[in-house]
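Could you take me on a short walk through this structure, telling me what to select at each stop and what I will find there? I have the viewer open and am seeing it for the very first time.

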Amino acid sequence: MNNIILIGFMGCGKSSIGVRLSYGCKLTMVDTDAEIERQQGCSISELFASKGEAYFRQLETECLNKLLQDKERHIISTGGGLPLRKENQELLSQLGTVVYLRVKPETVVERLKGDKSRPLLQGDNPQEKVRKLLSERKETYERLADIIVDVDQLSFEQIVEQITRQIV
Ligand code: S3P
């Protein structure tokens, strides 16, 4: 199924770019985080606190499996950690074209200053957490990507334009 799937680190713009692409391409948008929040009736932070990260990761995989059964084509925006699981990597490649929105750690730190909604970046030294997680994940994001867009220096519309030019 040729969906368009956006992957990348927290704060790279997956959800907002996804919404813009969905009306530009006239496709429905599915945001895996929003889907999980809706289904569980609570926020991601609450879910991490009550059930733990492993439980959340299992829900991400279930969400991808459901999408694979879906006959409709979508723009899919994923949570930043979703591509890390081996099982999800296989599912992503079956789901369609993977677009990696590559962002520098300093851009993430600037954009997510004061953000309270990402449990993995709370506590002391969020800058260090961003740097460490991004360097651990970088290779996986790059390996899975069919298309890579470096978003730091681009405007919102330039990012959309680069993606639409490259997707079929
Ligand atoms: C996470 C990213 C978040 C959300 C959760 C875990 C991660 O999504 O899924 O907090 O591991 O990078 P965004 O990338 O949309 O912020």
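Start by selecting Glu142 and Lys138: both belong to helix 7, where they sit 4 residues apart, about one turn of the helix. Please keep in mind during the tour that this is a predicted model. Show the two side chains and you will see them meet in a salt bridge, with 3.2 Å from N to O. How exposed or buried are the two partners? Glu142 is partly exposed, with a relative accessible area of 25%, and Lys138 is partly exposed too, at 42%. Now add Arg102 and Asp150 to your selection: salt bridges with shared partners join these two with Lys138 and Glu142 into one network.

**Next stop: another pair in helix 7**

Select Lys132 and Glu136. Here the closest N and O atoms of the salt bridge are 2.8 Å apart. The two residues are 4 residues apart in helix 7, so about one helical turn separates them. Glu136 counts as partly exposed, with a relative accessibility of 45%.

**From helix 7 to helix 6**

Which residue does Arg131 meet in a salt bridge? Select Glu106 along with Arg131, and you will find their side chains paired at 3.9 Å, N to O. This pair links distant parts of the chain: Arg131 is in helix 7 (residues 126-144), while Glu106 is in helix 6 (residues 105-111), and their positions lie 25 residues apart in the numbering. Arg131 is partly exposed, with a relative accessible area of 38%, and Glu106 is partly exposed as well, at 45%. If you would like to look for others, the structure holds 13 salt bridges.

**Last stop: the ligand**

Now select the ligand, which sits in the largest pocket. How many residues surround the ligand? There are 13, and the closest are Lys14, Asp33, Arg57, Arg118 and Arg137.

Three contacts are worth a look, each involving an oxygen atom of the ligand:

- Lys14: a polar side-chain atom lies 2.5 Å from a ligand oxygen.
- Arg57: an N or O atom of the side chain is 2.7 Å from a ligand oxygen.
- Gly80: here a polar backbone atom is 2.8 Å from a ligand oxygen.

To finish, show the protein surface around the ligand: the protein covers 95% of the 390 Å² of accessible area that the ligand has on its own.

Definitions and conventions: Residues are numbered from 1 along each chain as its sequence is written. This is a predicted model: local features need pLDDT of at least 70, side-chain atom pairs count only at pLDDT 80 or more; totals for chains, interfaces and linings use all residues. Side-chain values use heavy atoms; hydrogens and water are left out. A salt bridge is a side-chain nitrogen of Lys or Arg within 4 Å of a carboxyl oxygen of Asp or Glu. Buried means under 20% relative accessible area, exposed over 50%, partly exposed in between (1.4 Å probe, protein chains only). A residue is near a molecule or strand if one of its heavy atoms lies within 4 Å of it. A polar contact is a pair of N or O atoms within 3.5 Å; within protein, one must be able to donate a hydrogen and the other to accept it, and residues adjacent in sequence count only if both atoms are side-chain atoms. Accessible areas come from the Shrake-Rupley method with a 1.4 Å probe; for residues, only the protein chains shown count as cover. On a 1 Å grid over the protein atoms alone, a cavity is a set of points where a 1.4 Å probe fits but cannot get out, and a pocket is an open set with protein on both sides within 12 Å along at least five of seven lines; lining residues have an atom within 4 Å of a point. A molecule sits in a cavity or pocket if more than half of its atoms lie within 2 Å of its grid points.
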